[in-house]
Amino acid sequence: MAKKKKRKNQKAKIIFSAAAVAVLAAAAGAGVWFYTTQMAGSREDALKEYMACIEAGDYETMYGFLSESAKETVTQEDFITRNQNIYEGIEASDIQLDISEDQEKSQPLSYRVTMNTIAGEYTYDNSTVFEKEDGEWHIDWDDSMIFPQLGSTDKVSVESVGAQRGSIYDRNGQLLAGQGTVPYIGLVPGKMEVQPEETIKTLAELLGMSQEDINAQLNASWVQPDSFVPLKKMTQEQLDAPWMGADGTGTGATLQDKLLECKGVLISETDSRVYPYGESTSHLLGYVQQISAEELEERKDQGYDEQSVIGKTGLEKLYEDRLKEQDGYRISIKDAEGNEKEALAVKTAENGEDIHLTIDIRWQQSVYEAYQEDESCSVVMNPYTGEVLALVSTPSYNGMDFVLGMSQEQWDSLNNDPAQPMYNRVRETWAPGSSFKPVTGAIGLTTGKLAADQDLGASGLEWQKDSSWGSYQVTTLHTYSGAANLKNALIYSDNIYFAKAALQIGADTFTEQLDKLGFNQDIPFDIGMTSSAYSNAGTIDSEIQLADSGYGQGQMLVNPLHLSCIYSAFFNEGNMIAPYLEYQEGKESSYWIENAFSAEAAQTLYDDMREVVSDPNGTGHGAAAVTGATLAGKTGTAEIKASQDDETGTELGWFAVYNADASAADTCLMLTMVEDVKGRGGSGYVVGKDAEIWNQMLGDLS
């Protein structure tokens, strides 16, 4: 048999004679299946009981139904082996037997059998000769009893027809995850040195394997002198990596060069799931690995087996049911020479579904490369359509390490890295700092609690409402001579203005509007995101907390994708776009939240944020040097510390930036958060990095 699996015994799904039912019931009460030819009061009963043995896996009892003349042609051992191999090899189950009534006893008994197999349902008609011996009916068995077309020298073949897992592409058809090949490093024993110990020791060092594992592979029973003995799959990038000497200095050689210096080493290729863009897409795509016992138990009826691979994280897991391929099977009868006589059942192989994303790999890579050394997350989207062009979390890992097999040392290194490369920051919530100020401003304008030209008064660098705040002061970094209105407060990122604005709006109105904007709600997106929240307790219960919330501090925590969606309302007359990830030609955009802000408020904020970049005093002015576009946006620096007096805390740097002069189809809103920017320029660090990205992308997209 080409394929053989162990199956659990299943209860037969056929109708038994009354006598058979009584005996079987008694046997079941004893916890066993038991058959005897004494139950066979008619040919029909004998056939039913014989067929029931197939699903019960009781081939020894089946042999007892054979006539004496049949037993002379086949031994019990051969009978059991042949029947077991065939029925279990095709995974026969749910056997249904249909016997037409009023058949002449002088003629062979005709019947129809329907069964489920690994290749689907199979039905056949057959007839069997019975002999009466000692008052009981016995089967004059030969191989045609299994299948009518089966001869004594024929074999039943089960062939697997492979299918491919679906691929994942970006919006422009670039492969992000799919079928490919990877180098396979191995040894040809006959080409090794007579005393190969030194070679094996060197290989173990080069491949990160133990000498014991290499020797175990070489000593496998199937290995011949000219065999290719596979040792380890790698990526070409790994093979091309410079090889460092024992003193840590470069040798001028690559890992591949060092491997090929070892006699007997051969580098071949093998099929594999591949991720061409490596670390830049790993948090987004995830990876596949061989299915676990627990997963197999959960999905045992969904076409998986012990050799299946399954999505473990990311989109590979999210879209598993669509990406999963279904192998085909062909059950056929072949003669002694291996020629096919007849196909019994065929299940067509079905490739997994290909999925196209809205992601633009150019944005994805550019953002990753700029921030790969930082602890950061970024969202790039078209605010008019909701298409997500990039979702980046840094630092990252390489999904191919999981696909090809990861050593314990690699796994420990990933998990013990303080930068947490396995941590997907884009799914989490963060203190937004001043990047939240446009939201407060839009809430004030929408509710009529704030006027854009209202001067809330200059207060220097420190301010508190009154003495009831004790020693607590709201602080800001810049003073300015103009009016303390909305535009200037955005340009200079004035914390005091937005603290006053929040107090003027009031806690009830402020939280009511935040709830309207999707706080404490699930974000409607394929990938699960942590919900944004404005308070640990669900309410803002003090003036200080309300004031701090107005400029994105206090207990305010916002998911980057959610904040991007809120910003999208500034482009859409106050309506928040619904983000989406799967590309569909001609798809019409839809709104997540309509009338999140008034149209007038949205336009005011959209225009004022142009000044944040264009005005020489603006906190985002570093992006004004980008050529080929007029950028606008808002910076933010969120302080993370235990108290106002804490000087050991860190800072998160934010920048939300968009090309204000582009058409709707070409508009991109990019929002980035970088951890630990204290002492590195705060949000200015992010502005500088983003300017580099925009310069690169505007050149690539032109």
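**View 1. D102 sits in the loop between strand 1 (93–99) and strand 2 (109–117).** Helices (H or I, at least four residues) and strands (E, at least two) are DSSP runs, numbered from the N terminus. A quick note before we go on: this is a predicted model, where local features need pLDDT of at least 70, side-chain atom pairs count only at pLDDT 80 or more, and totals for chains, interfaces and linings use all residues. Residues are numbered from 1 along each chain as its sequence is written, and side-chain values use heavy atoms, with hydrogens and water left out. Back to the loop: D102 isn't a glycine, yet it has a positive phi of about 55°. Is D102 buried or exposed? It's exposed, with a relative accessible area of 78%; exposed means over 50% relative accessible area, buried under 20%, and partly exposed in between (1.4 Å probe, protein chains only).

**View 2. D134 is found in the loop between strand 4 (130–133) and strand 5 (136–139).** Here's another residue that is not a glycine but has a positive phi of about 55°. D134 counts as exposed, at 82% relative accessibility.

**View 3. M115 is part of strand 2.** This methionine is buried, with a relative accessible area of 0%. Which residues is M115 in contact with, leaving aside its neighbours within four places in sequence? They are Y87, I90, A92, S93, D94, I95, G120, E121, Y122 and Y124, where contact means heavy atoms within 4.5 Å. Zoom out to find D417: M115 and D417 are 302 residues apart in sequence, and their C-alpha atoms are 55 Å apart in space.

**View 4. M62 belongs to helix 3 (residues 59–64).** M62 is buried, with a relative accessible area of 0%. Not counting residues up to four places away in sequence, M62 touches Y50, C53, I54, F79 and N83. One of those partners, C53, is itself buried, with a relative accessible area of 0%. Along the chain, M62 and I139 are 77 residues apart, but their C-alpha atoms are separated by 9.9 Å.

**View 5. F597 is among the residues that touch the most other members of the largest nonpolar core.** That core has 102 residues, and L357, L517, F570 and L581 share the honour with F597. A nonpolar core is a set of buried Ala, Val, Leu, Ile, Met, Phe, Trp, Tyr and Cys residues joined through side-chain atoms within 4.5 Å. Which helix gives the most to this core? Helix 19 (residues 495–505) does, with 7 residues. Leaving out residues up to four places away in sequence, F597 touches V439, A442, I443, T446, L517, I566, A569, F570, E573 and G574. There's also a second, separate core of 45 residues, including L47, F65, A70 and Y122.

**View 6. Helix 14 (residues 361–371) is largely enclosed by the rest of the structure, because 8 of its 11 residues are buried.** The buried ones are I361, W363, Q364, S366, V367, Y368, A370 and Y371. As a handy rule, an α-helix has 3.6 residues a turn, so residues three or four places apart point the same way.

**View 7. A cis peptide bond joins T394 and P395.** Its omega is about -5°. Look for P395 in the loop between strand 19 (388–394) and helix 15.

**View 8. The second largest pocket holds about 1,100 Å³ of space.** On a 1 Å grid over the protein atoms alone, a pocket is an open set of points with protein on both sides within 12 Å along at least five of seven lines, while a cavity is a set of points where a 1.4 Å probe fits but cannot get out; lining residues have an atom within 4 Å of a point. Grid points are joined across faces, edges and corners, and a volume is the space filled by probe spheres set on the points. Of the 41 lining residues, T235, Q238, N398, D401 and Q410 are the closest to the pocket's centre. Elements that each supply at least two lining residues include helix 15 (399–404) and helix 16 (408–416). By class, the lining has 20 nonpolar, 12 polar and 9 charged residues; Ala, Val, Leu, Ile, Met, Phe, Trp, Tyr, Cys and Pro count as nonpolar, Asp, Glu, Lys and Arg as charged, and the others, Gly among them, as polar.
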